[in-house]
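Visitor: I am new to this structure. Please take me closely through one part of it, and then show me how that part fits with the rest.

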Amino acid sequence: MKAVLFEKFQEAPKLVTVEDPSPEAHGVVLRVRATGVCRSDWHGWMGHDSDIELPHVPGHELAGVVEAVGKDVVNWKVGDKVTVPFICGCGSCSECHAGQQQVCLHQEQPGFTHWGSFAEYVGIHQADLNLVALPESMDFATAASLGCRFATSFRAVIDQGKVSAGQWVAVHGCGGVGLSAVMIAAAAGANVIGVDLDPAKLALARELGAVAVINGGEADVPEAIREITRGGAHVSLDALGHPVTMTNSILCLRPRGKHIQVGLMLGEHAAPAVPMPKIVGQEIELLGSHGMQAHRYGAMLDMVASGKLDPARLVGDRISLADAPEALMNMDKFRSVGATVITRF
Ligand SMILES: [Zn+2]
Ligand SMILES: [Zn+2]
C-alpha cells in the first residue's frame, strides 16, 4: 500500500510503498477513504509523543470501509462504513468496563501506538468495542473530522462541561476543536463567546453560533469576557493548548465556573503556571477532556442527522496523500480555516 512515513522526528515524511496490513484476531483492516491532518499529528512528528516508534505512519482522524475482518470479530463485516475514536479501548481494563474507553489503561491510538491512516489501509484493534457505524448519507471527509476534533469537543462541552441552555461558554482558540465547540455549545443552548487572533476564524465562529467574539490580540481577554457575561463565563475551554489560552480560560470564569482543557499541552508547554489563587478562592473546577468513547458517538450522530450539528461546515481543504507531508509539517502555522482532510489516495 501507499503510505506517508517518517524515519526520524522533524525530518520530512515521504510517500512510500509498504506491506499491506492484515487484521489481528480481534481487529479489522479498513480501506481509508478520508483522514484529517491534525495538530496532534504534528506533535507526533515533532517527537512530543513517547508512544511513537520509528519508522512511523501518522494519522488518527479517519473514516473508511471495512476491508478485512479478524476471526474473533462478531459485529462487523467487509464493506461496512465506519469511523473510530482516536483512542481505542482495550476492552478488559477497569476503565473500559466502566464505559470510559477514552481513558483506557491500555489504550491504542492509530497514528501513535501503531501505524495510522496516512495510508491506503489501517489496522484497528478491538473492532467490536471501537468501531462506530456511519450513516450512509454522511460523506467520508465529514466523518473523518468527527473522530478527533468534533468528538473531542462534544465530550468536552456536553459530557465534561455539562453545558446547559442560558449558560455563558467561552471558547479560547477557534481552530478545528474550538469551532466544533462553538457549534456544539450553541446547539446546547449556551451563549458562546469565541476568542482567537485570526479575524477569519472569528467570523466563522460567529456564523457557527457565537453571540460574541474577541480578538485576543486586541483585548484583555478575561476582562472582556467578564464584562460581556456580567461576571464571567460558566464554562470555558482552552481549545488550543497554550499557556496564554489556558490562563485566559481560567481567569475569565465566574466563581464555581469550569475550565476544560481540551488542547494538548506538550513539549515546552507540558507544565504551565496555573493561577491557583483563583481556583482555590472561587472554587473553580479544572477538567481535562480526552477524546470520546465509541458508545457516545450515537448521541452526536443523532444531532448531526437531525440537523442540530453540521460538522461538514468545518471541513476545509481536501488534499491528496501526496500532499500530506507538506500539510503535516505546516500544521503549527495555523494557516487553514477548517480541517484539512486527505481524500485522494
Ligand atoms: Zn486529531
Ligand atoms: Zn481498557
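Guide: Start at alanine 212, which sits in strand S10. Keep in mind that this is a predicted model.

Is alanine 212 buried or exposed? Alanine 212 is buried, because its relative accessible area is 11% and the cut-off for buried is under 20%.

Which residues does alanine 212 touch, once its neighbours within four places in sequence are set aside? The contacts are Val192, Ile193, Gly194, Arg206 and Ile228. Now look towards alanine 170. Along the chain, alanine 212 and alanine 170 are 42 residues apart. In space, their C-alpha atoms are 9.5 Å apart.

Next, step back to the sheet. Strand S10 belongs to an open sheet of 6 strands. Read across, the order is S10-S9-S8-S11-S12-S13. The pairing is parallel. Strand S10 (212-215) is an edge strand, and so is strand S13 (285-288). Each of these two pairs on one side only. From one strand to the next, the twist averages 20°.

Move along the sheet to strands S11 and S12. Strand S11 covers residues 233-238, and strand S12 covers residues 253-261. The two run parallel, joined by 5 bridges. One facing pair to find is aspartate 238 and glutamine 261, the latter in S12.

Helices lie across this sheet. Helix H5 (residues 176-187) crosses strand S8 (168-172), strand S9 (191-196) and S11. Helix H5 runs at about 170° to S8. Helix H4 lies across S11, S12 and S13. Its angle to S12 is about 145°.

How is the chain divided? There are two parts: domain 1 (2-148 + 292-342) and domain 2 (152-288). Domain 1 is thus written as two stretches of the chain. The centres of the two domains, taken over C-alpha atoms, are 26 Å apart. Where the domains meet, domain 1 gives 23 residues to the contact and domain 2 gives 20 residues.

Now turn to the metal ions. Which residues hold the zinc ion (ligand 1)? The protein donors are Cys38 (SG), His60 (NE2), Glu61 (OE) and Cys148 (SG). They lie 2.1 to 2.2 Å from the ion. The 4 donor atoms make angles of 92 to 126°, and the site is tetrahedral. Along the sequence, the donor residues follow the spacing C-x21-H-E-x86-C. Cysteine 38 lies in the loop between strand S3 (28-37) and helix H1 (39-46), while cysteine 148 lies in helix H4 (residues 140-160), so this pair ties together parts that are 110 residues apart in sequence. Both cysteines are hidden from the surface. Cysteine 38 is buried, with a relative accessible area of 5%. Cysteine 148 is buried too, at 6%.

Go on to the zinc ion (ligand 2). Its donors are Cys90 (SG), Cys93 (SG), Cys96 (SG) and Cys104 (SG). The distances are 2.3 to 2.4 Å. Why is this arrangement called tetrahedral? The 4 donor atoms subtend angles of 100 to 118°, and the test for tetrahedral asks that all angles lie between 85 and 135 degrees. The spacing of these donors along the chain is C-x2-C-x2-C-x7-C. Among the donors, cysteine 90 and cysteine 96 are buried.

Last, pick out some details of the backbone. The peptide bond from leucine 54 to proline 55 is cis, with omega near -5°. Proline 55 belongs to the loop between H1 and strand S4 (61-69).

Glutamine 126 is not a glycine, yet it has a positive phi of about 45°. Find glutamine 126 in the loop between strand S6 (121-124) and helix H3 (127-130). Glutamine 126 is partly exposed, with a relative accessible area of 26%.

Lysine 162 also has a positive phi of about 45° without being a glycine. Its place is the loop between H4 and S8. Lysine 162 counts as exposed, because its relative accessibility is 56% and exposed means over 50%.

Methods
Residues are numbered from 1 along each chain as its sequence is written. Chains are lettered from A and ligands numbered from 1 in the order in which they are written. This is a predicted model: local features need pLDDT of at least 70, side-chain atom pairs count only at pLDDT 80 or more; totals for chains, interfaces and linings use all residues. Side-chain values use heavy atoms; hydrogens and water are left out. Donors are N, O and S atoms within 2.8 Å of the metal (3.2 Å for Na, K and Ca); water is not among the atoms, so sites may look incomplete. Four donors count as tetrahedral if all angles lie between 85 and 135 degrees; four count as square planar and six as octahedral if opposite donors are over 155 degrees apart and all others between 65 and 115; anything else is irregular. Helices (H or I, at least four residues) and strands (E, at least two) are DSSP runs, numbered from the N terminus. Buried means under 20% relative accessible area, exposed over 50%, partly exposed in between (1.4 Å probe, protein chains only). Two strands pair if DSSP finds at least two bridges between them. Axes are lines fitted to C-alpha atoms, for helices over the stretch in contact, and angles run from 0 to 180 degrees between N-to-C directions. Contact means heavy atoms within 4.5 Å. Domain bounds come from an automatic or database domain assignment.
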